[in-house]
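Please open the model in your viewer, with the sequence panel beside it, and follow the stops below in order.

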Amino acid sequence: MPTNLSLLDNSQIQAYLKNRSLKIGVVGIGRIGLPTALCIANSGLETIGIDINEKLIAMVNSKNYPLKDEPEFDKIFDNVISQKKLSATTDITNAIPKCDVVILSLPTPMNNQNVPDYTALLTVGKNLNKLLSNGQIVIVESTVEPGFIENELLQAIEGPNHSLKSGVDFHLAVCPETANPGEIMKDFQKLPRLVGSIDTKISPIVSALYTYVFGVELIQMPNCKTANAVKLTTNVFRDINIAFVNELAILFEKLGIDTYAVIEAAKRKYNFQPHFPGPGVGGPCLPVNSYQYLNSSKKFDTNFLKIVQEARKINENMPQHTIDLLIDAFHESNKSLENSTITLLGVSYKPNVHDIQIAPSEIIIKLLNEKNVKLKIFDPFFISENVFGNNTEKSLSDALTDTDAVVIITAHKEFDDLHLENILDSTNKPILVDCTGKINPIHAKSHGIIFRGIGRGGI
Ligand SMILES: NC(=O)c1ccc[n+]([C@@H]2O[C@H](COP(=O)([O-])OP(=O)(O)OC[C@H]3O[C@@H](n4cnc5c(N)ncnc54)[C@H](O)[C@@H]3O)[C@@H](O)[C@H]2O)c1
């Protein structure tokens with residue numbers, strides 16, 4: 001029988017934590033859920049990772065860790081697995097009744113009409129209706145729209161006939177995850193967390209658990225929807241500001257101004273927060289979070305949050321702008337883009353991660369495929385694989401051989417010391433388009449390269 005933590009006072013809860021007598025289930029052990037489960041297990045609490053992906057479960061149980069792009073992950077993984085504090089299973093029916101606390105780290109993507117898709121949470125919620133008892137606490141870490149927990153997930157868990165009662169048979173809380181892929185283990189140890197719950201007496205219990213595991217500050221929010229609004233606000237703030245700087249970048253290209261020089265100087269002012277232009281905004285968070293807010297607002301008025309709508313349009317146009325820069329460079333070189341060979345460096349949506357969800361590279365590749373160019377794609381995280389229907393190269397030098405133009409899409413650290421001489425060797429009128437700000441335009445030009453860079457006016 002799971003422990004009903006809501007009936008315990010703080011000192012009793014602390015004793016349970018100290019004695020490591022709580023069992024925690026984490027449903028969804030992907031990019032966020034697996035590191036979460038590992039940290040909980042590493043704190044000494046017995047942890048069960050639950051997922052529908054059989055291959056992933058087999059990997060974890062055979063001590064073969066995924067997420068090889070997450071620094072520090074390997075050390076903690078080996079430690080936890082050797083102490084046998086973490087087990088993984090696909091059998092949710094068997095696992096949930098054993099857990100005192102259930103954390104949901106399920107995906108919240110959107111469909112191809114940009115409508116948020118909460119199927120995974122609602123499916124698991126309906127399942128929990130048959131599995132919860134005795135006041136177990138369910139904590140949602142997934143990113144959702146404000147109100148989803150109160151209006152949809154709660155009903156799914158209670159069931160159509162209210163066979164479970166919130167506040168009695170189970171308790172529902174949120175603790176939205178804010179870690180950054182590529183820095184997850186570091187962020188887990190330093191970023192404050194938000195906590196909100198349906199029944200306010202549950203938030204301190206969630207705080208006690210997360211303080212014990214992560215040792216970070218817990219910010220108590222008045223309810224679930226406010227906590228979820230904070231999470232969306234921080235990400236949508238970034239989406240909007242990147243759109244602003246992307247639009248400025250296009251203007252500055254025309255005005256002959258270097259956007260990076262502007263940002264460098266502007267950030268000397270204490271209340272300016274730098275954001276940088278690029279080929280678009282991808283990943284499972286920022287674009288989805290903007291559409292989550294738009295989904296919430298359109299229930300009231302489709303004219304709400306116009307700034308978010310415009311930001312999305314601007315950021316979604318950046319792959320086309322990248323192609324426009326490439327066409328312009330080909331024009332200067334008097335070569336034809338059609339039937340040329342183009343090298344793309346980087347497909348991940350952000351530097352130094354193995355992740356192509358909603359990556360701008362997908363649109364860039366699609367637009368170039370429509371122009372009948374031959375593509376050579378290199379990404380250190382996707383060696384000799386098929387990405388968006390194209391085979392990737394096995395080495396950087398292969399990618400830079402026999403090509404007409406190079407486009408740097410992702411600022412992976414492997415491209416930090418890209419030798420411009422390599423690009424020069426491959427072609428007599430080398431073209432380089434930089435979406436990342438990595439290449440110094442003056443340096444490139446001094447090598448005789450026909451250079452274009454997003455936001456690089458005045459070169
Ligand atoms: N990745 C990020 O950068 C990040 C950062 C902060 C918050 N988040 C949020 O965290 C949540 C999880 O994101 P993620 O990146 O870890 O996703 P992910 O896709 O990497 O992992 C989700 C896992 O859930 C599993 N799953 C799907 N349906 C299931 C079901 N019905 N039952 C059991 N398991 C199921 C999948 O197999 C997968 O392993 C999302 O809401 C996301 O928005 C993500």
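Helices, of at least four residues, and strands, of at least two, are DSSP runs numbered from the N terminus. The model on display is a predicted one, and in it the chain carries 17 helices and 15 strands.

**The whole chain**

Begin with everything selected and the C-alpha trace shown, which along its principal axes spans about 75 × 50 × 40 Å. A compact globule of 459 residues would have a radius of gyration near 23 Å, and the chain agrees with that expectation because its value is 25 Å. If you colour by accessibility, 54% of the 459 residues count as buried, while the accessible surface comes to about 20,300 Å², with 52% of that area belonging to carbon and sulfur atoms. Among contacts between residues at least 6 apart in sequence, 72% join residues at least 24 apart. Selecting the charged side chains picks out 43 positive and 50 negative ones, and the centres of these two sets lie 3 Å apart.

**Loops with a positive phi**

Most residues other than glycine have a negative phi. Select Asn 134, in the loop that runs between helix H6 (119-131) and strand S5 (136-140), and you will find a phi near 55 degrees, which is positive although the residue is not glycine. Is Asn 134 buried, exposed or partly exposed? Its relative accessible area of 28% makes Asn 134 partly exposed, since buried means under 20% and exposed over 50%.

Move next to Leu 305, placed in the loop between helix H12 (286-298) and helix H13 (306-333). Leu 305 is another residue other than glycine with a positive phi, again near 55 degrees, and at 32% relative accessibility Leu 305 counts as partly exposed.

**A buried serine in a loop**

Now select Ser 166, which belongs to the loop between helix H7 (148-158) and strand S6 (170-174). With a relative accessible area of 17%, Ser 166 is buried. Once neighbours within four places in sequence are set aside, the residues in contact with Ser 166 are Leu 154, Glu 158 and Ile 198.

**Helix H10 and the residue after it**

Select residues 224-255 to display helix H10, and measure from end to end in the viewer. At 1.5 Å a residue, its 32 residues should span 46 Å, and the end C-alpha atoms are 47 Å apart, so the two values agree. Step just past H10 to Gly 256, where phi is positive, at about 75 degrees.

**From Gly 256 to Gly 457**

Keep Gly 256 selected and add Gly 457, which lies in the segment after strand S15 (450-453). Which residues does Gly 457 contact, leaving aside its neighbours within four places in sequence? They are Phe 252, Glu 253, Gly 256, Ile 257 and Asp 258. Gly 457 is buried, with a relative accessible area of 4%. If you then draw a distance to Tyr 270, which is 187 residues away from Gly 457 in sequence, the C-alpha atoms turn out to be 26 Å apart.

**Tyr 260 in helix H11**

The last stop is Tyr 260, a member of helix H11 (residues 259-266), which counts as buried at 13% relative accessibility. Not counting residues up to four places away in sequence, Tyr 260 touches Phe 276, Pro 277, Thr 436, Gly 437, Ile 454 and Arg 456. For one of these, Pro 277, which lies 17 residues from Tyr 260 along the chain, the separation between the two C-alpha atoms is 8.8 Å.

Notes
Residues are numbered from 1 along each chain as its sequence is written. This is a predicted model: local features need pLDDT of at least 70, side-chain atom pairs count only at pLDDT 80 or more; totals for chains, interfaces and linings use all residues. Side-chain values use heavy atoms; hydrogens and water are left out. The radius of gyration is taken over C-alpha atoms; the globule rule is 2.2 Å times the number of residues to the power 0.38. Buried means under 20% relative accessible area, exposed over 50%, partly exposed in between (1.4 Å probe, protein chains only). Contact means heavy atoms within 4.5 Å. Accessible areas come from the Shrake-Rupley method with a 1.4 Å probe; for residues, only the protein chains shown count as cover. Lys and Arg count as positive and Asp and Glu as negative; His and the chain ends are not counted. The place of a charge is taken as NZ of Lys, CZ of Arg, CG of Asp or CD of Glu. The expected span of a helix is 1.5 Å times one less than its number of residues.
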